[in-house]
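Here is a walk through one protein chain. Keep the viewer open and follow the elements as they come up.

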Amino acid sequence: MQLQETQFEQTIAEPLSFSGVGLHSGVDVSMRLIPAPAGSGVVFRRSDLDNFEIPATGRNVAKVSYATSLMRQGVLISTTEHLLSALIGLGVDNVIVEINNLEVPILDGSARPYVQAILASGTKRQRRKREYIRILKPVEVREGEGPNAKFIGVYPGEGYAIDYSIDFPTPIGQETFLGDLEAGDYANLIAPARTFGFREDEAMLRNMGLIRGASAESAIILTRDGVENGPLRFSDEFVRHKVLDLIGDLALAGRRIWGKVVAERAGHAMHTALVQRLMRDRSAWELATRTAPQTESAVEASLAFAAIA
Ligand SMILES: [Zn+2]
């Protein structure tokens with residue numbers, strides 16, 4: 001029998017600072033990630049509002065359309081998904097996110113700046129065993145019917161497997177990504193994938209008060225003819241970004257999923273609807289600790305995250 005190590009919670013080794021502009025609000029924002037005690041989770045702290053705190057949990061999910069926002073007692077924190085994705089992807093359980101405005105900065109449109117900063121300064125193992133949301137039975141959310149129906153479901157399974165399919169207008173078309181967050185390499189294969197938008201939607205979105213901070217440095221911009229500001233970081237960067245968003249939105253369940261997620265043409269609203277359905281159905285999951293997976297070679301880990309397009 002091989003001895004396996006139980007997995008423990010982690011925080012970051014030292015404070016990390018980021019500054020930039022909010023994708024939708026266009027406001028300038030400074031943000032600091034601060035190490036936090038075991039068991040505290042991810043908590044946003046509005047330094048511009050007397051350090052008012054908003055825990056990153058499904059209970060605080062507010063309006064969700066083009067980004068995921070949290071709200072507590074009328075205080076908002078918007079576009080949380082890329083930061084939360086990076087934290088879950090790297091196994092950082094506890095952190096205080098001190099921020100001086102209402103939206104997380106978009107940076108380069110991906111989770112890579114967070115991942116690079118956290119990997120460079122390191123993480124700190126804590127004394128508490130990490131608890132996972134172990135899925136015991138399927139939970140599904142459907143919207144619409146026919147070929148344009150949206151779907152997301154979570155199922156029992158080992159690891160944190162993701163099967164994501166998208167179907168967007170030209171030039172994206174259909175892409176599918178299969179991977180396992182437990183075995184695979186989040187930092188290299190998911191974190192760099194950037195958000196994207198269509199040039200022809202720009203005026204409509206701006207009229208809705210959205211994408212005021214968008215630029216060619218913070219998003220892939222598409223026309224019917226192709227990518228306006230290439231090159232892409234991956235040939236299937238679009239579906240990889242949807243996986244990045246999914247991981248960040250499901251982080252609002254409060255703990256990492258232990259099971260398999262299947263998503264078809266989903267988005268933030270479907271992702272967070274699944275979190276809320278899951279939280280309501282207490283018979284569908286249990287909190288469980290787990291041992292670390294067997295050590296794999298980097299090549300095997302990469303293959304586990306192989307994409308099919
Ligand atoms: Zn995104």
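Begin with a small piece of strand pairing. Strand β17 covers residues 220–223 and pairs with β18 over two bridges, in the antiparallel sense. Within this pairing, Leu222 has Val227 of β18 as its bridge partner. A third strand completes the open sheet, whose order is β16-β17-β18 and whose pairing is mixed. The edges are β16 (196–198) and β18 (226–227), each of which pairs on one side only.

This is a predicted model, so confidence comes next. The mean pLDDT of the protein chain is 91. Of its residues, 92% reach 70 or more. One stretch needs caution: pLDDT stays under 50 over residues 296–303. For that stretch the model has six contacts beyond four places in sequence. Where pLDDT is low, the predicted coordinates should not be read in detail.

Now turn to strand β19, residues 257–264. Strand β11 (residues 132–135) runs parallel to β19, and two bridges join them. There, Arg134 stands opposite Trp258 of β19. Strand β14 (residues 160–168) also runs parallel to β19, joined by six bridges. Tyr160 faces Gly259 of β19 as its opposite residue. Strand β13 (residues 150–155) runs antiparallel to β19, with five bridges between them. In that pairing Phe151 stands opposite Glu264 of β19. When following these strands, recall that in a regular strand the side chains alternate between the two faces of the sheet.

Next, the helices. How many of the nine residues of helix α1 are buried? Nine of the nine are, so α1 (residues 81–89) is largely enclosed by the rest of the structure. The buried set includes polar and charged side chains, among them Glu81, His82 and Ser85. Leu83, Leu84, Leu87 and Ile88 are also buried, as are Ala86 and Gly89. After α1 comes Gly91, with a positive phi near 75°.

Helix α2 spans residues 112–121. Its buried residues are Arg112, Pro113, Tyr114, Val115 and Ile118. What do they pack against? Their partners are β1 (8–12), β2 (16–21), α1, β10 (123–129) and α3 (186–189). A glycine with positive phi follows this helix too: Gly122, near 95°.

A single residue shows burial at close range. Leu33 is found in strand β3, residues 28–35. Is Leu33 buried or exposed? Leu33 is buried, because 26 other C-beta atoms lie within 10 Å, and 20 or more is the cut-off. Leaving aside neighbours within four places in sequence, Leu33 is in contact with Ile12, Pro15, Leu16, Val95 and Val97. Take Leu16 from that list. Leu33 and Leu16 are 17 residues apart in sequence, yet their C-alpha atoms are 5.1 Å apart in space.

Finish with a helix pair. The axes of α5 (residues 237–250) and α6 (residues 268–280) come within 9 Å. They cross at roughly 35°. The crossing of α5 past α6 is right-handed. Which residues meet there? From α5 come Asp245, Leu246, Asp249 and Leu250. From α6 come His268, His271, Thr272 and Val275. The contact is made up of three nonpolar, three polar and two charged residues.

Definitions and conventions
Residues are numbered from 1 along each chain as its sequence is written. This is a predicted model: local features need pLDDT of at least 70, side-chain atom pairs count only at pLDDT 80 or more; totals for chains, interfaces and linings use all residues. A residue is buried if 20 or more other C-beta atoms lie within 10 Å of its own, exposed if 12 or fewer, and partly exposed in between; C-beta atoms are placed from the backbone. Helices (H or I, at least four residues) and strands (E, at least two) are DSSP runs, numbered from the N terminus. Two strands pair if DSSP finds at least two bridges between them. Two residues are in contact if their C-beta atoms, placed from the backbone, lie within 7 Å. pLDDT is the predictor's confidence in each residue, from 0 to 100. Axes are lines fitted to C-alpha atoms, for helices over the stretch in contact, and angles run from 0 to 180 degrees between N-to-C directions. A crossing is left-handed if the near helix is turned anticlockwise from the far one by less than a right angle, and right-handed if clockwise.
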